[in-house]
Amino acid sequence: MPKPEPTAKPEPGDKPKSPPGARSGDNRRGAVAGLLIAIVILGVGWWLARDLTAASKMQDCLMSGRSNCNVIEPAR
């Protein structure tokens, strides 16, 4: 009858080993989702800043009493 092999006892400072690749997919998916959310927030913020700047310039022009505040782009 063969002897059973002794199981290796972990050292006190060793971390328990998890199967390779078990959690890496979840971590990467969360990081990509966070990056996409950050990009969307930055895009909306940039668009909003440009829109508010244009509205502020139009208000400043109108408040100064001018009547030709609309920008007329030349035909190409």
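## Leu48 and its helix

Leu48 is partly exposed, because its relative accessible area of 40% falls between the 20% limit for buried and the 50% limit for exposed. The model is a predicted one, and in it Leu48 belongs to helix α1, which covers residues 24-63. The chain contains one helix and zero strands.

## The nonpolar patch

Leu48 also takes part in a nonpolar patch on the surface. Its other members are Val40, Val44, Trp46, Trp47 and Leu52. Together the residues of this patch make up about 670 Å².

## The disulfide

Which residues form a disulfide? Cys61 and Cys69 do, with their sulfur atoms 2.0 Å apart. This pair counts as a disulfide because the cut-off is 2.5 Å between cysteine sulfur atoms. The count for the structure is one disulfide.

The link between Cys61 and Cys69 is left-handed, with an angle of -90° about the S-S bond. Are these two cysteines buried or exposed? Cys61 and Cys69 are both buried, which means that each has under 20% relative accessible area.

## The chain as a whole

The chain has 76 residues, and buried residues make up 3% of them. About 8000 Å² of the chain is exposed. Carbon and sulfur atoms supply 62% of that area.

How values were computed:
Residues numbered from 1 in each chain as written. Predicted model: local features only at pLDDT ≥ 70, side-chain atom pairs only at ≥ 80, totals over all residues. Heavy atoms only, no water. Buried < 20%, exposed > 50% of the residue type's maximum accessible area, 1.4 Å probe, protein only. Patch = residues over 30% accessible without salt bridge, like charges linked within 9 Å, V, L, I, M, F, W, Y side chains within 5 Å. Areas by Shrake-Rupley, 256 points an atom, 1.4 Å probe, with all protein chains shown as cover. Salt bridge = Lys/Arg side-chain N within 4 Å of Asp/Glu carboxyl O. Helix = DSSP H or I, 4+ residues; strand = E, 2+ residues; numbered from the N terminus.
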